[in-house]
Amino acid sequence: MIDFSKVPSPCYVMEEDLLRKNLSTIKSVGERAGVEIILAFKSFAMWKSFPIFREYIHCSTASSLYEARLAYEEMGSKAHTYGPAYTDREFPEIVRCSSHITFNSLQQFERFYPQTQFENISCGLRINPEFSDVETDLYNPCAPGSRLGVVAELLGDKLPEGVEGLHFHTLCESTSFDLEKTLAVVDKKFGKFFSQIKWLNMGGGHLMTKKGYDTEHLISLLKAFKAKYPHLQLILEPGSAFAWRTGVLVSSVVDIVENKGIKTAMLDVSFACHMPDCLEMPYKPAIIGATDAIEGKPTYRMGGNSCLSGDYFGDWWLDRELKIGDQIIFEDMIHYTMVKTTMFNGVSHPAIGIWTKENEFKLIREFGYEDYKGRMS
Ligand SMILES: Cc1ncc(COP(=O)(O)O)c(C=O)c1O
């Protein structure tokens with residue numbers, strides 16, 4: 001348990017024990033199902049924690065040149081890279097840092113495959129099964145007209161020479177039953193190609209560390225698929241599942257303003273800059289010790305410290321009247337936060353720390369003016 005009196009504000013704090021618990025679950029699913037599970041950096045790339053990851057998993061997936069380089073340099077293994085659109089300028093470096101490269105279109109494959117031919121690289125194609133349970137279009141790669149992945153009708157009966165794998169990503173915080181439905185569609189539409197390939201990457205969105213996720217069902221589903229296609233190496237590349245509920249964003253109240261009876265606690269963090277998914281998805285984050293507003297109890301909006309009008313969220317009921325200096329702790333703020341933050345408005349970026357298994361706070365990184373200035377010209 002984090003002792004919040006030892007944590008500066010604002011700060012993302014990851015709990016090592018919780019991370020290790022998730023990693024153990026993921027490792028055990030991978031071993032029992034006979035599949036490889038790798039970390040998607042797009043959700044979480046706090047590289048100072050990679051030595052912990054390496055005790056449980058070996059590889060990661062990159063969606064860009066910089067993620068591929070981070071995999072090579074800090075994870076210590078070449079990346080399984082999938083990028084929506086590779087460029088001539090970046091591709092040679094991607095080749096240097098990757099073991100697998102998946103292409104988003106047939107044109108991209110044709111254009112860049114020659115550069116991989118004499119390297120130790122296994123090439124794949126992202127397919128679009130045109131089926132996904134994800135309801136929010138922002139997170140649905142199979143929405144009509146999607147730019148992500150090749151649809152079955154473009155592939156004919158034979159994959160281009162040199163394609164050794166197929167990759168699909170259609171899930172988002174999904175269950176194994178969603179995967180089951182997707183796999184049935186993938187098998188029906190693309191099964192004819194499976195004899196031509198060596199690996200199948202089932203993307204991310206497998207939230208196997210969430211309470212209630214049926215890992216036994218996932219394992220039996222993957223085993224059954226493997227029994228049907230024993231020559232295929234199966235790869236899963238979740239992101240959220242690794243960092244799910246492993247830590248918090250600690251903030252504090254800087255001011256309390258009131259307008260027409262609405263009280264807003266102004267914080268030293270911003271939803272827009274530091275918790276962007278709350279506004280994008282959108283979803284209401286949980287605050288330790290707070291519940292949804294209840295008539296007659298002290299009720300607050302939480303206000304971000306950028307000037308964006310919509311940089312607030314509400315309402316919450318707290319058991320006490322808030323005062324300046326009180327801590328407000330947002331739960332589950334490790335995945336898709338640090339990787340997505342901005343310095344919009346020049347607002348200060350929260351520090352990053354780990355609450356270690358020895359019950360100590362370890363400050364990993366602080367940010368300052370130079371970080372802001374360094375991104376400007
Ligand atoms: C291609 C691909 N792989 C993996 C992931 C990771 O997904 P998640 O963090 O939901 O598990 C994503 C997320 O967008 C993705 O686009």
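A pocket here is an open set of points on a 1 Å grid over the protein atoms alone, with protein on both sides within 12 Å along at least five of seven lines, and its lining residues have an atom within 4 Å of a point. Keep in mind that every view below comes from a predicted model.

**View 1. The second largest pocket and its lining.** This pocket holds about 820 Å³. Its lining is made of 22 residues, and those nearest the pocket centre are A45, W47, M338, V339 and F367. Three elements give two or more residues each to this lining: α3 (65–75), β19 (361–365) and α11 (369–375). The largest share comes from α3, with 3 residues. Sort the lining of the second largest pocket by class and you get 12 nonpolar, 4 polar and 6 charged residues.

**View 2. The largest pocket.** Here we turn to the largest pocket, with about 1,100 Å³ of space. It is lined by 46 residues, and K42, Y139, H169, C172 and Y336 sit closest to its centre. Helices α8 and α10 (276–280) are the elements that give two or more residues to this lining. Of these, α10 supplies the largest share, 4 residues. As for chemistry, the lining of the largest pocket counts 22 nonpolar, 12 polar and 12 charged residues.

**View 3. F53 and F242, an aromatic pair across the chain.** The structure has 19 aromatic pairs. One of them joins F53 and F242, with ring centres 5.8 Å apart and planes at 40°, a tilted arrangement. In sequence the partners are 189 residues apart: F53 belongs to helix α2 (residues 50–53) and F242 to helix α8 (residues 240–243), so the pair ties together distant parts of the chain. F53 has 0% relative accessibility and therefore counts as buried. F242 also counts as buried, because its relative accessibility is 0%.

**View 4. W316, with a ring beside it and a charge over it.** The F313 and W316 rings make a tilted pair, because their planes meet at 50°, with 6.3 Å between the centres; planes under 30 degrees apart would count as stacked and over 60 as edge-to-face. Both F313 and W316 are buried. W316 has another partner too: the charged end of K284 lies over its ring, 4.9 Å from the ring centre.

**View 5. A cluster of rings.** Which residues do ring pairs link into a cluster? The members are Y86, F91, F103, F109, F112 and Y113.

Key. Residues are numbered from 1 along each chain as its sequence is written. This is a predicted model: local features need pLDDT of at least 70, side-chain atom pairs count only at pLDDT 80 or more; totals for chains, interfaces and linings use all residues. Side-chain values use heavy atoms; hydrogens and water are left out. Rings of Phe, Tyr and Trp (its six-membered ring) pair if their centres lie within 6.5 Å; planes under 30 degrees apart count as stacked, over 60 as edge-to-face and the rest as tilted. Buried means under 20% relative accessible area, exposed over 50%, partly exposed in between (1.4 Å probe, protein chains only). A charge sits over a ring if NZ of Lys or CZ of Arg is within 6 Å of the ring centre and within 35 degrees of the ring normal. On a 1 Å grid over the protein atoms alone, a cavity is a set of points where a 1.4 Å probe fits but cannot get out, and a pocket is an open set with protein on both sides within 12 Å along at least five of seven lines; lining residues have an atom within 4 Å of a point. Grid points are joined across faces, edges and corners, and a volume is the space filled by probe spheres set on the points. Ala, Val, Leu, Ile, Met, Phe, Trp, Tyr, Cys and Pro count as nonpolar, Asp, Glu, Lys and Arg as charged, and the others, Gly among them, as polar.
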